[in-house]
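Here are my notes on the model, point by point. Please read them with the structure open.

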Amino acid sequence: MHGELLKGNLELLLLAVLADGPRHGYAVIEALRARSGGTFDLPEGTVYPALHRLEAGALLTSAWSTESGRRRRVYSVTRRGRRELAALRDTWRGFNDAVAAVVT
Amino acid sequence: MTTERYLAELSGHLHAWPLRRRRILAEARSHLEEAGEGGVERFGDPADVAARFNELGTPPQPRLGALAALLGSVFVFGAVQGLENRIPPAPWPEGAAPGGLETLFALATVCYLATLVLAAAALVVRLPALSLAACSALGATVLLLAVHAFRRADFVAGSPPAWQLALVALAALTPPVVGAAVATGARPQRS
């Protein structure tokens with residue numbers, strides 16, 4: 001169940017994590033796991049296609065960076081990505097409130 | 001499974017152009033090295049991961065397409081210069097070429113200049129349509145020059161044989177065809 005819920009909201013989650021600052025893929029996954037208290041523990045390789053999709057939609061940009069001799073692709077949210085994040089947050093809050101009103 | 005074997009399997013399932021494939025594999029390698037032991041298992045089945053990348057298609061690369069058009073235009077310029085040094089001089093006075101040769105050359109020149117302008121614009125504004133237009137203009141240039149060369153050979157004895165002209169034309173068509181595919185994001189069907 002978590003998998004399906006996660007899949008439907010992966011773009012929102014990735015944008016939210018990256019809105020705090022540029023991160024490489026591994027750090028994005030770590031942040032996602034840490035901020036969800038371990039709930040969002042998805043196959044790590046599936047995050048990269050999602051990051052590429054967001055980049056293709058001009059919601060993210062990326063560039064290679066070398067830290068401590070290790071080469072990593074670092075992702076940042078674009079201005080368009082921040083606008084999309086705000087819209088997705090509004091949609092999520094509305095949906096969350098509606099679900100809460102029904103099930104509680 | 002070792003990282004190398006995992007990456008080889010991932011590569012085997014990917015349908016992507018070399019540059020994109022290299023980027024995907026480099027990111028996966030960087031991740032797996034960072035993750036350490038058990039990283040390969042947590043990354044997911046290589047076929048599943050590749051399938052998700054394949055679903056995305058290949059993003060358009062307008063700048064690469066424009067670069068291909070520019071490189072192709074340099075090749076065309078060199079090929080025309082090379083041929084001009086090898087072909088015998090025209091036996092007709094200037095402005096009296098038969099078979100519409102002058103019109104063909106003038107059209108080719110216009111297409112060539114359009115290629116340069118469109119490719120430069122595509123490099124700046126990164127629009128796939130502009131990049132595609134640059135590649136199309138270069139393709140038209142090559143075809144017009146090829147027709148010109150074949151027709152001219154009919155009128156001038158001692159011209160290079162048709163197979164040589166065809167070979168040069170085919171080589172000159174490669175950059176605009178590849179550039180158009182890259183510019184629009186067309187992807188290879190086989191990995």
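1. A definition comes before the sheet. Two strands count as paired if DSSP finds at least two bridges between them. Strands themselves are DSSP runs of at least two residues, numbered from the N terminus. Keep in mind that this is a predicted model.

2. With that in hand, look at A:His24. This residue stands opposite A:Val74, which belongs to strand 3 of chain A. Strand 3 covers residues 70–77, and two bridges join strand 1 of chain A to it. The two strands run antiparallel.

3. Now the whole sheet. It is open, has three strands in chain A, and follows the order 1-3-2. The pairing is antiparallel. Which strands form the edges? They are strand 1 (23–24) and strand 2 (60–67) of chain A, each pairing on one side only.

4. Chain B meets this sheet. Helix 2 of chain B, residues 18–35, packs on it and touches strand 1, strand 2 and strand 3 of chain A. The direction of the helix makes about 110° with that of strand 3 of chain A.

5. How many cavities of 30 Å³ or more are there? The count comes to one. Its volume is about 60 Å³. From chain A, the lining takes A:His24, A:Gly25, A:Tyr26, A:Tyr48, A:Arg72 and A:Arg73. From chain B, it takes B:Glu27, B:Ser30, B:His31 and B:Glu34. So A:His24, the residue opposite A:Val74, also lines this cavity, given that lining residues have an atom within 4 Å of a point.

6. Which elements give two or more residues to that lining? They are helix 2 (25–35) and strand 3 of chain A, together with helix 2 of chain B. The largest share, four residues, comes from helix 2 of chain B. That is the helix that packs on the sheet. By class, the cavity lining has two nonpolar, four polar and four charged residues.

7. Turn to the second largest pocket. Its volume is about 590 Å³. The lining runs to 29 residues. Nearest the centre lie B:Phe105, B:Leu145, B:His148, B:Ala149 and B:Arg152.

8. What supplies this pocket's lining? Helix 5 (62–86), helix 6 (101–125), helix 7 (128–155) and helix 8 (162–184) of chain B each supply at least two residues. Helix 7 of chain B gives the largest share, eight residues. By class, the pocket lining has 22 nonpolar, three polar and four charged residues.

Notes:
Residues numbered from 1 in each chain as written. Chains lettered and ligands numbered in written order. Predicted model: local features only at pLDDT ≥ 70, side-chain atom pairs only at ≥ 80, totals over all residues. Heavy atoms only, no water. Contact = heavy atoms within 4.5 Å. Axes fitted to C-alpha atoms, helices over the stretch in contact; angles between N-to-C directions. 1 Å grid on protein atoms, 1.4 Å probe; cavity = no way out; pocket = protein on both sides within 12 Å on 5 of 7 lines; lining within 4 Å. Points joined across faces, edges and corners; volume = space filled by probe spheres on them. Nonpolar A, V, L, I, M, F, W, Y, C, P; charged D, E, K, R; others polar.
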